[in-house]
Amino acid sequence: MEEGEFSAWYVREHRRVVASLAALSGDADAARDAADEAFVRALARWERVRAMDSPAGWVHRVGLNVLRRNRRRRSLETRLLRRAVEVAPALPAHPEVWDAVRRLPERQRLAIVLRFVADLPEAEIASVMGIARGTVSATLSAARASLARTLDDDRAEADPSEASQ
């Protein structure tokens with residue numbers, strides 16, 4: 001492959017492809033990302049692309065396809081997020097408990113949420129987390145102990161008279 005040939009073509013075409021994609025999408029960042037992806041693909045296939053009648057046309061088409069795919073993905077993610085928010089159950093009462101859960105180490109936090117929000121049995125939690133079922137049990141036990149200490153400490157700070165009882 002002639003590296004200098006690709007580099008010269010890239011310098012000549014990149015700005016034009018980005019401008020075209022930005023005009024189509026109205027989003028300069030998305031246009032740059034799509035153009036960069038298209039040029040990476042062109043480099044990977046340079047022997048074939050350079051032999052085409054219009055390598056610039058090919059890279060424009062690939063960039064446009066990348067742009068469309070990314071737009072569809074973002075749209076789908078937005079719809080799914082809206083749907084998830086609409087159907088997501090409210091966290092159980094006692095916001096102080098969930099504040100304490102958020103302070104747990106990530107693995108303990110995930111195990112607690114999967115068990116008590118998603119209502120998954122330990123075997124399914126093990127599958128989701130990629131750990132042994134016994135590890136799930138130990139993780140949940142450690143998380144509950146940590147939550148008990150944290151909540152007891154929080155209550156003692158909130159009402160010092162309860163700590164002496």
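## A tour from helix 8 to helix 2

Start by selecting Ala-148, which sits in helix 8, residues 133–158. Keep in mind that this is a predicted model. Ala-148 is partly exposed because its relative accessible area is 39%, between the 20% and 50% cut-offs. Now add Ala-100. The two are 48 residues apart in sequence, yet their C-alpha atoms lie 9.4 Å apart.

Next, go to the largest nonpolar core, which has 19 residues. Pick out Trp-9, Leu-21, Ala-42 and Val-59, the residues that touch the most other members. Color the elements giving two or more residues to this core: helix 1 (3–25), helix 2 (28–44), helix 3 (46–50) and helix 4 (55–87). Helix 2 provides the largest share, seven residues.

Zoom in on Leu-21. Beyond its neighbours within four places in sequence, Leu-21 is in contact with Gly-26, Ala-31, Ala-34, Ala-35, His-60, Gly-63, Leu-64 and Leu-67. Another core, of 17 residues, lies apart from the one around Leu-21. To find this other core, select members including Trp-98, Met-129, Val-136 and Leu-140.

Now isolate helix 2. Its 17 residues reach 24 Å from first C-alpha to last. Which residues of helix 2 are buried? Select Ala-30, Ala-31, Ala-34, Ala-35, Ala-38, Phe-39 and Ala-42. These buried residues lie on the same side of helix 2, because they cover an arc of only 165° around the axis. Turn to the face away from that buried side: Asp-29, Asp-33, Val-40 and Ala-44 are exposed there.

Finish at the start of helix 2. A side-chain oxygen of Asp-27 comes within 3.1 Å of the backbone nitrogen of Asp-29.

Definitions and conventions. Residues numbered from 1 in each chain as written. Predicted model: local features only at pLDDT ≥ 70, side-chain atom pairs only at ≥ 80, totals over all residues. Heavy atoms only, no water. Helix = DSSP H or I, 4+ residues; strand = E, 2+ residues; numbered from the N terminus. Buried < 20%, exposed > 50% of the residue type's maximum accessible area, 1.4 Å probe, protein only. Core = buried A, V, L, I, M, F, W, Y, C linked by side-chain atoms within 4.5 Å. Contact = heavy atoms within 4.5 Å. Expected span 1.5 Å × (residues − 1). Arc of directions from axis to C-beta. Polar contact = N/O pair within 3.5 Å; in protein donor to acceptor, adjacent residues only side chain to side chain.
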